[in-house]
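Hi,

Here is the structure I promised to pass on. Have a look at it first, and then read my notes below.

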Amino acid sequence: MARERIADQLVQVLREAGARRIYGVVGDSLNPVVDAVRRSGDLEWVYVRNEEAGAFAAAAEAQLTGGLAVCAGSCGPGNTHLVQGLYDARRSGAPVLALASQIPSRQLGTGYFQETRPEALFAEAADFTAEIGQAARMPRLARIAVQHALGGPGVSVLVLPGDVAAASAEEPTGHAVPCVGPATVHPDPAAVHDLARLLNGAEKVALFCGAGVRGARDQVLSLADALNAPVGHSLRGKEWIQYGNPFDVGMIGLLGYGACHDALHQADLVLMLGCDFPYDEFLPGRSTVQVDREARRLGRRTPLELAVHGDVGATLEAVLPLLDRPHPEDFLFDMLRRHERALSRVVEAYTHDIEHHRPIHPEYAARLLDEEAPEDAVFTVDTGMNNVWAARYLTPNGRRRIIGSFTHGSMANALPHAIGAAFAGGGRRVISLSGDGGLSMLLGELITVRQNDLPVTVVVFNNSSLGMVKLEMMVDGLPAFGTDHPPVDYAAVARAVGLPAVRVEDPGAVRGALADALAADGPALVELVTDSNALSIPARIKADQVKGFALSAGRSVLEGGVGSMIELARSNLRNIPRP
């Protein structure tokens with residue numbers, strides 16, 4: 001009978017925890033674990049081209065499933081490549097376990113080939129880091145790492161020297177099932193009564209929703225109805241609250257649109273629900289209540305009148321019966337009218353003679369992508385201008401998902417996120433909104449998509465520029481410098497690695513190219529040659545920012561459109577009684 005090794009114990013613990021695959025690059029100190037995966041028969045090894053991509057892929061898988069996802073890096077450079085994706089996973093609250101293999105244990109501290117200190121390296125990128133320095137520490141330490149990842153949720157890192165992974169097990173593996181789901185956090189009754197008092201005392205209440213309203217949509221809308229409160233949202237909150245919302249007034253911030261800014265700043269009381277919005281300069285900075293299940297987030301963005309520690313759904317269910325008076329409708333109706341007018345003013349950016357504009361307007365292409373994409377599509381979005389197009393054009397419906405590096409802000413995330421989403425998605429179409437800058441950073445992952453025949457449609461917005469960086473320079477009154485690069489035919493690159501691909505320069509061909517790629521059984525790439533001058537400005541900018549734009553000569557800045565959201569705004573407006 002073959003001896004059980006430490007690597008075999010690790011694989012068994014991962015399988016018990018619900019892991020289905022490990023994303024990584026095989027090699028040297030990692031080989032005992034890779035061989036244990038091979039022999040397991042039911043844990044898959046996904047060969048990515050860069051460990052950074054493996055960590056991003058694991059983060060996306062974990063966000064889609066809510067379960068444990070795993071990535072791995074061999075000693076030295078394999079470890080360091082993981083850092084970017086693990087930062088993203090941690091800040092997104094994704095339950096990810098990373099295996100960082102290590103040089104032979106007897107060589108530690110000698111300056112050996114590829115020696116690093118993973119426990120120090122991952123100190124900020126992970127919530128939990130531990131080294132399995134001897135066989136007797138398994139399987140207990142692996143189970144602790146799994147529980148930290150799932151219980152956070154967050155990132156755990158296990159450091160495992162190759163010789164220890166290959167060593168014989170000293171402790172029985174046994175069997176254990178981790179706690180995989182967080183409990184509901186119920187608020188303190190005293191805090192609920194204080195919240196009810198503030199809501200009852202305010203004439204004009206606005207709700208500002210983040211990703212923490214997931215699962216609490218009905219309660220949020222019931223509260224908005226009871227208070228006649230306009231509802232704004234952050235980018236991460238959009239997919240959970242914006243669709244079919246009769247109180248919707250859009251989004252605030254750099255990517256914002258509509259009347260959300262006005263609603264928050266003109267309200268007597270702002271209620272932040274499951275929202276850790278980082279750009280405090282857009283918040284009113286007064287008369288604010290925050291509800292969040294993570295007590296550490298309370299009050300770190302803006303001064304608070306009241307902080308309520310609890311799940312959004314549980315908190316609102318507790319406070320709704322305590323609301324004891326009707327609230328005037330005037331504030332809500334005013335904000336809905338402003339919202340519709342704000343969206344109507346910018347529609348011309350993508351409707352006026354747009355089918356004939358070359359290079360292609362990215363707003364136009366994003367609108368068509370939204371219309372052609374399946375109702376249950378998973379979108380992964382590169383950081384930069386693609387965040388703008390996603391925020392303004394992708395229409396949530398309760399079934400679609402939108403995943404991006406929204407809190408860490410890393411470039412190159414969309415394609416590796418799409419890989420993890422495709423493995424986790426059960427056949428759902430995954431659409432990677434890739435910028436040419438982001439795609440070029442991890443271009444090799446096109447091979448991963450092709451090798452695994454994943455249902456991924458890569459849509460490349462190719463403007464031969466780092467568009468968001470250019471916009472930042474313009475805001476500061478600086479001429480764009482170092483943002484443009486020579487044209488690249490990414491469709492030709494994709495075809496060279498075996499992906500069906502098409503390059504589109506004619507706006508009249510955009511819809512057909514997208515429809516064909518989305519209908520394909522396997523992967524495909526659509527490269528859209530877009531206008532590098534088509535940038536987007538926020539709904540509210542300061543006087544010094546306007547001056548910056550004026551000083552930056554030679555570039556036209558378009559105020560981006562808002563896709564089908566204007567139809568929702570107009571529909572909501574029709575429900576307002578006319579004087």
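What follows is a short tour of the sheet and of the helices that pack on it.

Keep in mind that this is a predicted model.

Let's start with the sheet. Six strands make it up, it is open, and the order runs β2-β1-β3-β4-β6-β5 with parallel pairing. At the edges sit β2 (44-47) and β5 (128-131), each of which pairs on one side only. Ignoring direction, neighbouring strands here are turned by 20° against each other on average.

One pair I looked at more closely is β4 (residues 96-102) with β6 (residues 155-161): they run parallel and share seven bridges. Within that pair, Ser101 has Leu160 of β6 as its bridge partner.

Two helices to look at on this sheet are α4 and α6. Helix α4 touches β3 (69-73), β4 and β6, and its direction makes about 165° with that of β4. Helix α6 (residues 140-151) touches β4, β5 and β6, and the angle between its direction and that of β6 is about 160°.

Now for α4 itself, residues 77-92. How far apart should its ends be? With 16 residues at 1.5 Å a residue, α4 should span 22 Å, and its end C-alpha atoms are 24 Å apart, so the two agree. There is also a bend of about 35° in α4, at Gln84. Its buried residues include Leu82, Val83, Leu86 and Ala89, but also Asn79 and Asp88. Right after α4 comes Gly93, which has a positive phi, near 70°.

Happy browsing!

How values were computed. Residues numbered from 1 in each chain as written. Predicted model: local features only at pLDDT ≥ 70, side-chain atom pairs only at ≥ 80, totals over all residues. Heavy atoms only, no water. Helix = DSSP H or I, 4+ residues; strand = E, 2+ residues; numbered from the N terminus. Expected span 1.5 Å × (residues − 1). Bend = angle between axes of the 7 residues up to and from the residue. Buried < 20%, exposed > 50% of the residue type's maximum accessible area, 1.4 Å probe, protein only. Pairing = 2+ DSSP bridges. Axes fitted to C-alpha atoms, helices over the stretch in contact; angles between N-to-C directions. Contact = heavy atoms within 4.5 Å.
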